[in-house]
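Please look through the structure below, beginning with its aromatic rings and then moving out to the chain as a whole.

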Amino acid sequence: MSGSGTNLAALLRAIDDDPDFGGRVVVVGSDRADAGGLQLARDAGIPTVVEELSAHADRPTWEQALTDGVAAHAPEAIVLAGFMKIVTATFLSRWPSRVLNTHPSILPAFPGAHAVRDALAYGVKVTGSTVHVVDEQVDHGPIIAQRAIAVAQGETEDEVHERIKAIEHELFPACVRALCRGELAIENRHVVWAGEQP
């Protein structure tokens with residue numbers, strides 16, 4: 001994670017509220033020592049791994065250290081919510097088709113770091129949240145689930161982003177739950193749900 005940890009908080013709540021969730025958080029990793037979610041993890045007794053890019057000679061060395069640090073806790077799947085760095089096969093090959101991310105747009109529209117800003121600049125009337133499997137391209141992997149919101153005239157970027165977060169905090173844990181319970185399968189680019197979709 002790189003940000004405030006709101007998706008982590010939503011995931012922890014969902015796990016606490018559902019005895020049949022099928023998984024638990026075994027480690028929280030970050031590329032920033034000041035990421036808000038790290039304290040959430042510590043308060044919950046969850047181990048943390050912090051590997052800042054600036055502490056390493058180059059990006060491959062950083063990614064290998066992050067990969068090894070997270071892998072030491074033996075997670076079966078990875079959730080990249082709020083993680084603002086691109087990962088490559090070094091990381092992804094440890095958990096093939098089991099790395100998930102959430103993005104604040106209806107992909108494939110508006111990938112990248114400024115999705116809400118870009119969508120509003122384009123004049124969209126609808127945007128939303130996408131949960132997808134991570135591959136080596138930016139916001140490109142197979143789509144697990146999407147939920148849309150209407151954009152009201154005159155809404156600011158912050159207002160739209162907050163409304164997207166509200167649906168994201170429901171959609172993302174539901175997708176993680178399905179992954180943990182073995183209810184997702186990938187056929188080419190299509191994610192097939194065995195259970196009810198959120």
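In this predicted model, a search of the whole structure turns up three aromatic pairs. One of them joins Trp62 and Phe83, whose ring centres lie 6.4 Å apart and whose planes meet at 5 degrees; since planes under 30 degrees apart count as stacked, the pair is described as stacked. This pair links distant parts of the chain, for Trp62 sits in helix α3 (residues 59-71) while Phe83 belongs to the loop between β3 (78-79) and α4 (89-92), 21 residues apart. Both Trp62 and Phe83 are buried.

Phe110 and Tyr122 also form an aromatic pair, here edge-to-face, with 5.6 Å from centre to centre and 65 degrees between the planes. Because Phe110 lies in the loop between β4 (99-103) and α5 (115-122) and Tyr122 in helix α5, the pair ties together parts that are 12 residues apart in sequence. Tyr122 has 67% relative accessibility and therefore counts as exposed.

Turning to the chain as a whole, one finds six helices and eight strands, which follow the pattern α-β-α-β-α-β-α-β-α-β-β-α-β-β when read along the sequence. The radius of gyration of the chain is 16 Å, close to the 16 Å that the globule rule gives for 198 residues, so the chain is as compact as a globular protein of that length. Its C-alpha trace spans about 45 × 40 × 35 Å along the principal axes, and 44% of the 198 residues count as buried. Among the contacts in the chain with a separation of 6 or more, 56% are accounted for by residues 24 or more positions apart.

Methods
Residues numbered from 1 in each chain as written. Predicted model: local features only at pLDDT ≥ 70, side-chain atom pairs only at ≥ 80, totals over all residues. Heavy atoms only, no water. Phe/Tyr/Trp six-rings, centres within 6.5 Å; stacked < 30°, edge-to-face > 60°. Helix = DSSP H or I, 4+ residues; strand = E, 2+ residues; numbered from the N terminus. Buried < 20%, exposed > 50% of the residue type's maximum accessible area, 1.4 Å probe, protein only. Rg over C-alpha atoms; globule rule 2.2 N^0.38 Å. Contact = heavy atoms within 4.5 Å.
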